[in-house]
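Trainee: Please take me closely through one part of this structure: the surroundings of the ligand. Then follow the chain outwards from there.

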Amino acid sequence: MNDIEHIVNEVSEKIKNSDIAALEKIRTEYLGKNGVLTHILKSLHKYSIKEKKKIGSEANKAKTFIENEIEKRKENLKEALVNEKMQKEKLDYSQSFYFPFAKGSFHPVIETIETISSVFKSLGFFVAEGYEIENDWYNFEALNMPKSHPARDTQDTFYLEGMRNLLRTHTSPSQIHIMEKQKPPVRVIVPGRVYRNEASDSSHSSTFHQIEGLTVDENVTFTDLKAVLTEFVGRFFGSALKVRFRPSHFQFTEPSAEVDIQCFFCGGKGCRLCKNSGFIEILGCGMVHPNVLKAVNYDSEKYTGYAFGIGIERITMLKYEIDDIRLLYENDLRFLKQF
Ligand code: DAH
């Protein structure tokens with residue numbers, strides 16, 4: 001009996017420090033055909049019946065115990081192995097790695113839209129989205145451009161099947177949608193894509209982008225328009241440049257103006273970019289025409305407002321000195337990678 005107890009203690013100790021191969025050796029050494037415990041069981045006939053029972057039962061218990069310990073140790077070893085492997089294979093996200101694809105960047109047109117939008121957001125404007133498919137009412141009529149008015153001639157239009165709908169020729173129809181949906185005060189810009197039925201050349205494209213701006217409230221004056229647009233020019237192009245408001249005509253504003261900035265290329269001396277005028281035209285604007293306010297059932301006695309429209313491609317081309325608008329739409333990576 002003392003032997004069995006001694007054996008169990010001895011094996012337990014050995015198992016604790018064994019690897020898988022050593023465990024198999026222990027199994028043979030103690031439980032195998034010629035194993036220590038097998039030997040004890042085989043020699044039971046030497047003892048009295050009472051002793052046989054006792055020793056036999058203890059020896060069998062010891063056998064089961066050792067088998068279980070070996071299995072347990074095996075399981076632990078396997079688990080440790082898996083853990084070790086997982087530890088080794090763990091991804092280190094902090095490590096930089098080779099990425100086989102080139103990282104993209106914003107298209108210059110999108111970048112211009114984002115930059116202009118952020119300037120107007122900082123001046124208290126919301127950014128809204130309009131519709132690229134409009135009808136005659138929104139694109140022309142509500143903007144004080146009645147049917148057969150010559151002002152329509154400047155915006156040759158793509159009509160969709162059935163002539164009911166058309167691709168908007170400018171972002172100005174979003175003025176109407178916004179005013180239909182909300183009461184003053186309105187202070188919003190709407191960037192988006194517009195379409196004209198024109199042949200493309202280095203400065204014309206049938207698809208291009210604009211940003212529309214609109215403010216309507218009580219007591220909005222031309223001074224507000226001048227202040228906001230001058231501030232925009234300063235923040236976008238740099239405050240050192242002179243800004244010029246030149247009288248112009250748009251059907252949906254009265255009075256109307258075009259905004260020029262001092263040529264940032266030659267500083268106003270006159271060059272190819274400013275066509276020797278020293279100034280570059282960047283946008284159209286004006287006080288919202290009362291007929292436009294009436295079209296959306298705004299009280300034109302109570303409310304006034306100003307609107308402006310900026311051509312995105314034009315500004316992008318000026319900023320990056322791009323001399324052909326078509327380069328912006330060709331998706332030529334050799335061109336786009338420069339931005
Ligand atoms: N919609 C005009 C165009 O495409 C641009 C424009 C001019 C928008 C003056 C305006 C504005 O809101 O006040 O030619």
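Mentor: Start with one cut-off: a polar contact is a pair of N or O atoms within 3.5 Å. Keep in mind that the model is predicted.

Now the ligand. Alanine 307 uses its backbone here: one of its polar backbone atoms is 3.1 Å from a ligand oxygen. Two side chains also come within the cut-off. Glutamate 212 places a side-chain N or O atom 2.6 Å from an oxygen atom of the ligand. For arginine 196, a polar side-chain atom and a ligand oxygen are 3.0 Å apart. How much of the ligand does the protein cover? On its own the ligand has 350 Å² of accessible area, and 90% of that is covered by the protein.

Who does the covering? The shell around the ligand holds 16 residues. His170, Ser172, Arg196, Gln210 and Glu212 are the closest. By type, nine shell residues are polar, five are nonpolar and two are charged. Three strands each give two or more residues to the shell: β5 (207-218), β8 (279-288) and β9 (303-311).

Next, the packing. The largest nonpolar core has 43 residues. Phe120, Ile282 and Phe308 touch the most other members. Strands β8 and β9 each give two or more residues to this core, as do β7 (253-262) and the helices α5 (108-122), α8 (222-237), α10 (312-320) and α11 (333-336). Helix α8 gives the most, with seven residues.

Take Phe308 as a way back to the ligand. Setting aside residues up to four places away in sequence, phenylalanine 308 touches Glu212, and Glu212 is one of the residues closest to the ligand. The other contacts of Phe308 are Phe120, Phe125, Ile189, Ile211, Gly213, Leu229, Leu283, Gly284 and Cys285. Another core lies apart from the largest one. It has 23 residues, including Ile178, Met179, Val190 and Leu293.

Those residue numbers lead to helix α7, which spans residues 173-181. Is α7 mostly covered or mostly open? It is mostly covered, with seven of its nine residues buried. They are Pro173, Ser174, Gln175, Ile176, His177, Ile178 and Met179. Their packing partners are β2 (133-135), α6 (136-139), β4 (186-195), β5, α9 (290-295) and β9. Strands β5 and β9 appear among the shell strands too.

Now two polar residues. Serine 256 sits in strand β7. Why does it count as buried? Its relative accessible area is 8%, and buried means under 20%. Its side chain has polar partners. Threonine 253 makes a side-chain to side-chain polar contact with serine 256 at 2.6 Å. The backbone nitrogen of phenylalanine 250 is 3.2 Å from a polar side-chain atom of serine 256. Beyond four places in sequence, serine 256 touches Arg246, Pro247, Ser248, His249, Phe250, Cys285 and Gly286. Cys285 is also among the contacts of Phe308.

Last, histidine 289. It lies in the loop between β8 and α9. At 16% relative accessible area, histidine 289 is buried. Its side chain makes a polar contact of 3.5 Å with the side chain of asparagine 144. With neighbours within four places left out, histidine 289 is in contact with Asn144, Gln251, Phe252, Thr253 and Glu254. Thr253 links the two stops: its side chain joins serine 256 in a polar contact, and Thr253 is in contact with histidine 289.

Key:
Residues are numbered from 1 along each chain as its sequence is written. This is a predicted model: local features need pLDDT of at least 70, side-chain atom pairs count only at pLDDT 80 or more; totals for chains, interfaces and linings use all residues. Side-chain values use heavy atoms; hydrogens and water are left out. A residue is near a molecule or strand if one of its heavy atoms lies within 4 Å of it. A polar contact is a pair of N or O atoms within 3.5 Å; within protein, one must be able to donate a hydrogen and the other to accept it, and residues adjacent in sequence count only if both atoms are side-chain atoms. Accessible areas come from the Shrake-Rupley method with a 1.4 Å probe; for residues, only the protein chains shown count as cover. Helices (H or I, at least four residues) and strands (E, at least two) are DSSP runs, numbered from the N terminus. Ala, Val, Leu, Ile, Met, Phe, Trp, Tyr, Cys and Pro count as nonpolar, Asp, Glu, Lys and Arg as charged, and the others, Gly among them, as polar. A nonpolar core is a set of buried Ala, Val, Leu, Ile, Met, Phe, Trp, Tyr and Cys residues joined through side-chain atoms within 4.5 Å. Buried means under 20% relative accessible area, exposed over 50%, partly exposed in between (1.4 Å probe, protein chains only). Contact means heavy atoms within 4.5 Å.
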